[in-house]
Structures are given as structure tokens and as C-alpha cells.
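Please look over the structure shown below. The report that follows takes its local features in turn.

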Amino acid sequence: VGAAITITASATDSNGSITKVEFFDGTTKLGEDGASPYSFVWNNATAGTHSLTARATDNASGVTTSTAVTITVNTAANTPPVVSLTGPANNAQFTAGTAINITATATDANGTVAKVEFFRGTTKLGEDLTSPYTFAWNNATAGTYSLTARATDNANAVTTSAGVNITVTAPVNRPPVVSLTAPANNAQFAPGSSITLTATASDPNGTVTKVEFFNGTVKLGEDLSSPYSFAWCNAASGPHVITAKATDNGNL
């Protein structure tokens, strides 16, 4: 099926000339040729057995039909698609929480690629219906995984790519940064004053959950949201060492 079938014939007339040669599949006319060499290219033959004949007509409208030739047109065997993972590289490492871009190439020798699906082991992560085939895996947790791509063609033939192994590691938490912005070092206050303690705090890979204020080892209070501050109203006379302690969402 799908092959171009060239049908050829020879025809002569002993007392005149050939005006045309017609080509038939059974009783169905396929085409004709008005000049030698007589031929016709049949492009849309369906699967099955066909009986082909040629019918010559001369200049006096005399007609002769040839002996039939039987041919068989077979159903074309579908060739499965070809698929390959192009990213990530084998044994690549990622940090949990980062997007992992999975890419693949896929072709089909005698049809079209209908879709490419992406798998982590036996778990489907997603699919792409058009080239370039890609999927962004955004929620990978720490662990080792085998990734594959599975291509399906327009005749539902399926091919699975070779696996690619990757490792996802837990992110390393970094501690927050904190600094007292008030009062100034060596500041002096009258007994009974309300002393406002303020601090700035940030976290390079997370969030600050609280900032605590201390007088030496004694906790004075805390603030859970920026701007971080605390009003100290009962400070005793004498020198005091004030610090601020920030805690992030990873408890550093």
C-alpha cells in the first residue's frame, strides 16, 4: 500500500495504428496512454488482490483486451517510532526544588509522532504533543530516579527510550543573617525609658520565621514579621548587652 505501481503494455496493429491503450483494475479504468511506450503509474492501490488488463483501440475503433495479470497489494507494516532522551544527561544531579527540564527527540519512518510521554520509573510525569518534545519537572523530591520517554505514532505503535538516571539531593539550608539597627552601641537611656530595639533579618534560601531580642541571656521579646522590633520598658539601671537572634524556616 502506498507504492507507485507502473503498468506497461505493448500494442501493435497490423493494418492501421493504435490510438490508445487503456489500463483497468477489473472493470475499473485506471488511466490510458495515447502513444508508445504505453504505460500508467497507479498510485492509490488499496490492499488486496487486483486483476489488471490493458485494452488497445486502433484507428478503426477495433478493440482488443489483453490477458489479465494478477497482483497483490499488501497492507503496509507499520514501523514503530524512534525516540531518545536528550536531556538531562545521564547521572546528572539536581537540588530538590529546582526545575528539571526533560527533553526528547522522536521520529516516525512511515507516519507521524502523535505524542511523547515522560516517565519517572512507571509514573507518568507529563507529555508533549509537538516537537520539540519537552517537560519541566518542578516538584522532584530527594532521591535517585530513572527517566524515560515514550513515543506513540499515528498508528498507535509505541517505543520507549533508554533510561537516564538522575539524582535529586536535599537543599543545604543556610542560616539567616541578622543585625541590630537600634539602639546604637553605647547608647544611654534614663531609667524608666521605653527603649525600642530594632533589627533587620533575611534568609538566603528561605524565610525568617522570627527575631528574638535578648538582654544577655535573658529573652526580652520577639517579633514574627518585618520590620522586627520590641519596646523594652523595664530596663534596670546599669550596662546591658543587647542581641537579636533570627530563626529561619529550616530552624537555623
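## Salt bridges

The model is predicted, and its salt bridges come to twelve. Side chains of opposite charge can pair when their charged atoms come close.

One set of these pairs is linked. K20 and E22 form a salt bridge, with N to O at 3.8 Å. E22 also meets K29, here at 2.9 Å from N to O. K29 in turn pairs with E32, and their closest N and O atoms are 2.5 Å apart. Through shared partners, K20, E22, K29, E32 and R55 are joined into one network.

## Exposure within the network

Which class of exposure does E22 fall into? E22 has a relative accessible area of 5%, so it is buried, the cut-off being under 20%. E22 takes part in the bridge to K20 and in the bridge to K29.

Its partners have other values. K20 is partly exposed, at 27% relative accessibility. K29 is partly exposed too, with a relative accessible area of 38%. For E32 the value is 42%, and this residue again counts as partly exposed.

## A three-stranded sheet

Strands of a sheet pair through backbone hydrogen bonds, either parallel or antiparallel. In this model, three strands make an open sheet in the order β17-β18-β21, and the pairing is antiparallel. Why do β17 and β21 each have one side without a neighbour in the sheet? Both stand at the edges: β17 (177–182) and β21 (228–232) each have a single partner strand, so one side of each is left free of a neighbour in the sheet. From one strand to the next, the twist averages 25 degrees.

The pairing of β17 with β18 can be followed residue by residue. β18 covers residues 195–202, and its antiparallel pairing with β17 runs over five bridges. One bridge partner can be named: S179 is matched by T200 in β18.

## Cis peptide bonds

Two serine–proline links deserve a look. The peptide bond from S131 to P132 is cis, with omega near 0 degrees. P132 sits in the loop between β12 (123–128) and β13 (133–137).

S226 and P227 are also joined by a cis peptide bond, with omega about 0 degrees. P227 lies in the loop between β20 (218–223) and β21. β21 is an edge strand of the sheet described above.

## Positive phi outside glycine

S61 is not a glycine, yet its phi is positive, at about 65 degrees. Its place is the loop between β5 (48–58) and β6 (63–65). Is S61 buried or exposed? S61 is exposed, at 57% relative accessibility, because the cut-off is over 50%.

N91 is not a glycine either, and its phi is positive at about 70 degrees. The loop that holds N91 runs between β8 (82–87) and β9 (92–95). With a relative accessible area of 54%, N91 is exposed.

## The largest pocket

How large is the volume of the largest pocket? The volume is about 510 Å³. The lining of this pocket is made up of 23 residues. Nearest its centre lie P183, A187, F189, H240 and I242.

What classes of residue make up the lining? There are 15 nonpolar and eight polar residues. Charged residues are absent from the lining.

How values were computed: Residues are numbered from 1 along each chain as its sequence is written. This is a predicted model: local features need pLDDT of at least 70, side-chain atom pairs count only at pLDDT 80 or more; totals for chains, interfaces and linings use all residues. Side-chain values use heavy atoms; hydrogens and water are left out. Two strands pair if DSSP finds at least two bridges between them. Helices (H or I, at least four residues) and strands (E, at least two) are DSSP runs, numbered from the N terminus. Axes are lines fitted to C-alpha atoms, for helices over the stretch in contact, and angles run from 0 to 180 degrees between N-to-C directions. On a 1 Å grid over the protein atoms alone, a cavity is a set of points where a 1.4 Å probe fits but cannot get out, and a pocket is an open set with protein on both sides within 12 Å along at least five of seven lines; lining residues have an atom within 4 Å of a point. Grid points are joined across faces, edges and corners, and a volume is the space filled by probe spheres set on the points. Ala, Val, Leu, Ile, Met, Phe, Trp, Tyr, Cys and Pro count as nonpolar, Asp, Glu, Lys and Arg as charged, and the others, Gly among them, as polar. Buried means under 20% relative accessible area, exposed over 50%, partly exposed in between (1.4 Å probe, protein chains only). A salt bridge is a side-chain nitrogen of Lys or Arg within 4 Å of a carboxyl oxygen of Asp or Glu.
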